[in-house]
Amino acid sequence: APRILPGPDGSIDLHWKRHGHELLVNIPASSEQLASFYGDDFGSAQIKGTFDVGTYNLGLLGWLTEHCK
């Protein structure tokens with residue numbers, strides 16, 4: 001389960017950290033802003049970017065599928 005923490009400017013951070021990988025997702029206070037994410041498998045792959053919380057992010061989903069088994 002992720003740690004749910006207060007983020008900057010009223011946002012919420014969801015932080016998953018396990019042996020071998022980490023993912024941080026920041027959900028903004030305003031639904032008009034994009035959410036941001038950063039993932040790292042502590043080796044060969046990192047991913048970061050932004051997404052609309054109202055839509056699917058296939059790049060993030062693919063990274064999670066590949067690196068967070």
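# Notebook: a five-stranded sheet

**Entry 1, S11.** I began with S11, which sits in the loop between strand 1 (3-6) and strand 2 (12-18). The model I am reading is a predicted one. Is S11 buried or exposed? Its relative accessible area is 6%, and the cut-off for buried is under 20%, so I noted S11 as buried. Next I looked up what surrounds this serine. Leaving out residues up to four places away in sequence, S11 touches L5, P6, N26, I27, P28 and A29. I also looked up the spacing of S11 and P28: they are 17 residues apart in sequence, yet their C-alpha atoms lie 4.3 Å apart.

**Entry 2, D9.** I stayed in this loop, between strand 1 and strand 2, where D9 also has its place. D9 is not a glycine, but its phi is positive, about 55°. Most residues other than glycine have a negative phi, and I made a note to look at the turn. The hairpin of strand 1 and strand 2 has 5 residues between the strands. With 78% relative accessibility, D9 is exposed, whereas S11 is buried.

**Entry 3, the sheet.** In what order do the strands of the sheet come? I found 5 strands in an open sheet, ordered 1-2-3-4-5, with antiparallel pairing. Strand 1 and strand 5 stand at the edges with a single partner strand each, so one side of each has no neighbour in the sheet. On average, neighbouring strands are turned by 15° against each other, direction ignored.

**Entry 4, pairings one by one.** Strand 1 and strand 2 run antiparallel and are joined by 4 bridges. I picked out two residues of these bridges to follow by eye. R3 stands opposite H15 in strand 2, and P6 has I12 of strand 2 as its bridge partner. How many bridges pair strand 2 with strand 3? I noted 7, again in the antiparallel sense. There, R18 stands opposite H21 in strand 3. The hairpin of strand 2 and strand 3 has 2 residues between the strands, and G20 in that turn has a positive phi of about 100°.

**Entry 5, F42.** I then moved to the loop between strand 4 and strand 5, where F42 is found. F42 is another residue other than glycine with a positive phi, near 60°. Its relative accessible area is 46%, which makes F42 partly exposed.

**Entry 6, the core.** Which residues make up the largest nonpolar core? I listed 7: L23, V25, A35, F37, I47, F51 and L60. Strand 3 (21-27), strand 4 (35-40) and strand 5 (46-51) are the elements that each give two or more residues to this core. This suits a general habit: in soluble globular proteins, nonpolar side chains tend to be buried together. I took V25 as a vantage point. Not counting residues up to four places away in sequence, V25 touches I12, D13, L14, W16, S36, F37 and F51.

**Entry 7, the rings.** Two of those contacts, F37 and F51, caught my eye again. The structure holds 1 aromatic pair. F37 and F51 form this pair, and its geometry is tilted, with 5.8 Å from centre to centre and 45° between the planes. The pair links distant parts of the chain, as F37 lies in strand 4 and F51 in strand 5, 14 residues apart. I closed the page by checking burial: both F37 and F51 are buried.

How values were computed
Residues are numbered from 1 along each chain as its sequence is written. This is a predicted model: local features need pLDDT of at least 70, side-chain atom pairs count only at pLDDT 80 or more; totals for chains, interfaces and linings use all residues. Side-chain values use heavy atoms; hydrogens and water are left out. A nonpolar core is a set of buried Ala, Val, Leu, Ile, Met, Phe, Trp, Tyr and Cys residues joined through side-chain atoms within 4.5 Å. Buried means under 20% relative accessible area, exposed over 50%, partly exposed in between (1.4 Å probe, protein chains only). Contact means heavy atoms within 4.5 Å. Rings of Phe, Tyr and Trp (its six-membered ring) pair if their centres lie within 6.5 Å; planes under 30 degrees apart count as stacked, over 60 as edge-to-face and the rest as tilted. Two strands pair if DSSP finds at least two bridges between them. Axes are lines fitted to C-alpha atoms, for helices over the stretch in contact, and angles run from 0 to 180 degrees between N-to-C directions.
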